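Let's take a walk through this model, starting at a loop and working inward from there. Have the structure open as you read.

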Amino acid sequence: HLNPPPRDGGNGKCFFPFRYKDSLFYDCVKFKAKHKWCSLTENFEGYWKYCSENDFAKCVFPFWFRRTIYWGCTDDSEAFGKRWCSLTQNFNIQKVWRYCDDMYL
């Protein structure tokens with residue numbers, strides 16, 4: 001259950017990855033809230049905040065995908081041809097990603 005963020009809730013920075021309900025998250029989430037939020041601790045303990053533009057997960061370069069190292073966004077294996085990136089150094093293990101925005105193009 002999400003309560004309002006406490007005033008003393010850590011340093012105000014999102015902690016990634018964080019655990020919430022037995023799952024590991026590498027980016028802001030939208031559970032039981034109108035806007036995306038993140039945990040301020042490694043294991044969600046009720047300390048959280050709404051995500052701002054600077055809080056969303058960043059691409060990690062270089063990253064491994066299959067047998068190739070990528071130094072930028074790729075459209076490899078993306079059905080709609082949209083460029084994407086990994087949120088960890090080894091996509092093959094964690095399989096977490098995001099579409100690239102103008103910052104990475």
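Start in the loop that runs between strand E2 (23-25) and E3, where you'll find Asp27. Bear in mind that this is a predicted model. Which side chain of opposite charge is nearest to Asp27? That would be Lys36, 5.6 Å away. A salt bridge needs a nitrogen-to-oxygen distance within 4 Å, so Asp27 has no salt bridge, even though Asp27 is buried. What its side chain does reach is the backbone nitrogen of Ala57, at 2.8 Å. Leaving aside residues up to four places away in sequence, Asp27 touches Phe16, Phe18, Phe56, Ala57 and Leu87.

Now move on to Cys28. With the same sequence neighbours left out, its contacts are Phe16, Lys36, Trp37, Cys38, Cys51, Asp55 and Phe56. Cys28 also belongs to the largest nonpolar core, which has 11 residues in all: Cys14, Phe18, Tyr20, Phe25, Cys28, Val29, Trp37, Cys38, Phe44, Trp48 and Cys51. Strand E1 (18-20) and strand E3 (37-39) are the elements that give two or more residues to this core. Apart from it lies another core, this one of nine residues, including Phe65, Tyr70, Cys73 and Trp84. As a general matter, nonpolar side chains in soluble globular proteins tend to be buried together.

Asp55, one of the contacts of Cys28, leads us to one last stop. Its side chain makes a polar contact with the side chain of Lys49, at 3.1 Å. Lys49 itself sits in strand E4 (residues 48-50). From Lys49 to His35 is 10.0 Å, C-alpha to C-alpha, with the two 14 residues apart in sequence.

Methods
Residues numbered from 1 in each chain as written. Predicted model: local features only at pLDDT ≥ 70, side-chain atom pairs only at ≥ 80, totals over all residues. Heavy atoms only, no water. Core = buried A, V, L, I, M, F, W, Y, C linked by side-chain atoms within 4.5 Å. Buried < 20%, exposed > 50% of the residue type's maximum accessible area, 1.4 Å probe, protein only. Helix = DSSP H or I, 4+ residues; strand = E, 2+ residues; numbered from the N terminus. Contact = heavy atoms within 4.5 Å. Polar contact = N/O pair within 3.5 Å; in protein donor to acceptor, adjacent residues only side chain to side chain. Lys, Arg positive; Asp, Glu negative; His and termini not counted.
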